[in-house]
Amino acid sequence: ALMNRGGNMMHGFALLLALAGALAAGLPARVAAATATEVLGTCLADETSGRDRKMLARWVFVAMSTHPTLKDVASVSAAARDAADREMATLVTRLLSEDCPAQTARAMREDGASALEGAFGSLGELAMVELMSHPAVAASIATYTKYLDDEKLKAVMQEPAQP
């Protein structure tokens with residue numbers, strides 16, 4: 001059941017875990033009343049287009065490229081960094097002051113500065129999910145599985161024999 005077309009059981013297993021995690025993460029918000037930060041996060045998500053979220057994901061990538069661990073695999077020019085920062089500033093200004101001003105004011109009043117981190121964190125997750133769902137990205141993510149040691153993994157993942 002865990003095997004995929006290429007015969008690698010881990011790819012299917014990883015996708016199953018990711019789906020289960022995503023579903024479980026969404027449960028508490030549905031059960032409890034939404035906090036002001038969650039309401040702001042919903043507004044941000046509702047008021048952004050796919051293009052906005054792609055720009056946000058691009059900005060996150062540009063920011064992450066400055067981490068020393070990624071320097072050898074990601075190089076971003078100063079001009080591209082400046083352009084990403086300008087686009088992000090325009091998006092944040094629009095979202096907070098034009099699209100979601102009441103939700104922003106309530107979240108800041110009730111939850112303080114952490115409200116922005118939480119709300120934009122949720123929007124960032126949505127943007128990443130959209131990028132990760134692109135066929136080229138999904139294929140690239142699965143590429144590592146060709147190097148897995150299936151025999152070792154089968155040994156620890158096999159279901160115990162039924163008595």
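These legends describe close-up views of a predicted model. Residues are numbered from 1 along each chain as its sequence is written, and side-chain values use heavy atoms, with hydrogens and water left out. Local features need pLDDT of at least 70 and side-chain atom pairs count only at pLDDT 80 or more, while totals for chains, interfaces and linings use all residues.

**View A. Helix H6 and its buried side.** H6 (residues 114-132) is one of the helices, which are DSSP runs of H or I with at least four residues, numbered from the N terminus. H6 has 19 residues and spans 26 Å from its first C-alpha to its last, close to the 27 Å expected at 1.5 Å a residue; the expected span is 1.5 Å times one less than the number of residues. The buried residues of H6 (buried: under 20% relative accessible area; exposed: over 50%; partly exposed: in between; 1.4 Å probe, protein chains only) are Ala-115, Ala-119, Phe-120, Leu-123, Gly-124 and Ala-127. They lie on the same side of H6 because they cover an arc of only 155° around the axis, the arc being that of the directions from the helix axis to the C-beta atoms. Glu-117, Glu-125 and Val-129 are exposed on the other side of H6. The partners against which the buried residues of H6 pack are helix H2 (36-47), H3, helix H4 (78-99) and H5.

**View B. The crossing of H4 and H6.** The two helices pack at an angle of about 115°, and their axes are 13 Å apart. Axes are lines fitted to C-alpha atoms, for helices over the stretch in contact, and angles run from 0 to 180 degrees between N-to-C directions. From H4, Val-92, Leu-95 and Leu-96 make the contact; from H6, Leu-116, Phe-120 and Leu-123 do so. Contact here means heavy atoms within 4.5 Å.

**View C. Thr-104 in H5.** Thr-104 belongs to helix H5 (residues 101-111). Its relative accessible area is 11%, so Thr-104 is buried. With neighbours within four places in sequence left aside, Thr-104 is in contact with Leu-40 and Leu-96. Leu-96 is also among the residues of H4 that make the contact with H6.

**View D. The salt bridge between H3 and H6.** A salt bridge is a side-chain nitrogen of Lys or Arg within 4 Å of a carboxyl oxygen of Asp or Glu, and by this rule the count comes to 6. One of them joins Arg-53 to Glu-130, with the closest N and O atoms 2.5 Å apart. This pair links distant parts of the chain, since Arg-53 is in helix H3 (residues 50-64) and Glu-130 in helix H6, 77 residues apart. Arg-53 counts as buried at 12% relative accessibility, whereas Glu-130 counts as partly exposed at 27%.

**View E. The network around Arg-94.** Salt bridges link Asp-52, Arg-94 and Asp-99 in a network. Between Arg-94 and Asp-99, the closest N and O atoms are 2.7 Å apart. Arg-94 is partly exposed, with a relative accessible area of 24%, and Asp-99 is partly exposed at 24% relative accessibility.

**View F. A salt bridge within H5.** Glu-110 forms a salt bridge with Arg-106, and their closest N and O atoms are 3.0 Å apart. The two residues are separated by about one helical turn because they are 4 residues apart in helix H5. Glu-110 is partly exposed, with a relative accessible area of 45%; Arg-106 is partly exposed, with 27%.
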